[in-house]
Amino acid sequence: MNDWSTQIRNATLVLEYAGKKFLIDPMLAEKEAWDGFAGSARPHLRNPMVALPVAVKDLLTVDAVILTHTHTDHWDEAAQQAIPKDMLIYTQDEKDAALLRSQGFLNIRVLKEENHFVDGMTIYKTDGQHGSNELYADAQWGELLGDACGLVFTHHDEKTLYIAGDTVWVKPYAKNLQRFKPEIVVLNTGYAVNDLYGPIIMGKEDTLRTLKMLPNATVVASHMESINHCLLTRAELREFTLEHGIEDKVLIPADGETMAF
């Protein structure tokens, strides 16, 4: 089959995989609709920093929505208003499911570790860590950052695709690479920075580290240039890939760009 992914904005993706179509982590607000994140880099900038590249209605013709977590830049008020209340939505845990029910959504399923579909597709829920060990040792910040999952899509006729989610490089991420050996790895590489504890998602070096573990993989850079605390630009990442000879292995899609796998 012809699988494809469209980079919408930030971590928002539309993924067609094994004949099913998913909207992942929808942030659908108009440009500069809400304040920058306090306690992070460049809080004076309003979010989202860029406009949505497609019409909202064009994002809703999907089989399901998947939320890796419910931070505002992955599930905002505009998404909550635009998405039909009976849309099938998968959440990472019961806590997020309860939040969505309180927002009026009626068709919520909590992801299990393995989620098997009748057509042979499996979606695995994976672990990561949305910041450093030091951040999670701080009770206030640890609670605020909370849990965020990743997603591995597998099918016997398709390439294995891993959406790592909001995580820094931690052992669970490396173990997922070893376990699933994905051909496609979508990394949130915007290098979002917390004032006290540093990066809370991946950056440019993580593309190289990933390819050192999986030399035959293709990395797709996501979660860039849309939110105040994401400091890595596409231009800087492109320069890094050229310096290290991995420019053919790292795709850096523009907002609205579609990639076929």
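User: Quick one on the second largest pocket: how do its lining residues divide into nonpolar, polar and charged?

Analyst: This is a predicted model, and in it that lining has three nonpolar, six polar and four charged residues.

User: And what volume does the second largest pocket have?

Analyst: The second largest pocket holds about 160 Å³ of space. Its lining counts 13 residues, with Gln92, Asp127, Asp147, Ala148 and Cys149 the closest to the centre.

User: OK, what about the largest pocket, how much volume is there?

Analyst: About 540 Å³. There, 29 residues form the lining, and those closest to the centre are His71, His130, Leu144, Leu145 and Gly146.

User: Which elements give two or more residues to that lining?

Analyst: Helix 2 (94–102), helix 4 (139–145) and strand 12 (193–194) do. Helix 4 supplies the largest share, five residues.

User: What's the class mix for the largest pocket?

Analyst: Its lining has 13 polar residues, nine nonpolar and seven charged.

User: Switching to the whole chain: how many helices and strands?

Analyst: Seven helices and 16 strands. The radius of gyration is 17 Å, close to the 18 Å from the globule rule for 261 residues, so the chain is as compact as a globular protein of that length.

User: What does the C-alpha trace span along its principal axes?

Analyst: Roughly speaking, about 45 × 45 × 35 Å.

User: How much of the chain is buried, and how much area is exposed?

Analyst: Buried residues are 56% of the 261. The chain exposes about 11,300 Å², and carbon and sulfur atoms supply 51% of that area.

User: And what share of contacts with a separation of 6 or more links residues 24 or more positions apart?

Analyst: Such pairs account for 62% of those contacts.

Conventions
Residues are numbered from 1 along each chain as its sequence is written. This is a predicted model: local features need pLDDT of at least 70, side-chain atom pairs count only at pLDDT 80 or more; totals for chains, interfaces and linings use all residues. Side-chain values use heavy atoms; hydrogens and water are left out. On a 1 Å grid over the protein atoms alone, a cavity is a set of points where a 1.4 Å probe fits but cannot get out, and a pocket is an open set with protein on both sides within 12 Å along at least five of seven lines; lining residues have an atom within 4 Å of a point. Grid points are joined across faces, edges and corners, and a volume is the space filled by probe spheres set on the points. Helices (H or I, at least four residues) and strands (E, at least two) are DSSP runs, numbered from the N terminus. Ala, Val, Leu, Ile, Met, Phe, Trp, Tyr, Cys and Pro count as nonpolar, Asp, Glu, Lys and Arg as charged, and the others, Gly among them, as polar. The radius of gyration is taken over C-alpha atoms; the globule rule is 2.2 Å times the number of residues to the power 0.38. Buried means under 20% relative accessible area, exposed over 50%, partly exposed in between (1.4 Å probe, protein chains only). Contact means heavy atoms within 4.5 Å. Accessible areas come from the Shrake-Rupley method with a 1.4 Å probe; for residues, only the protein chains shown count as cover.
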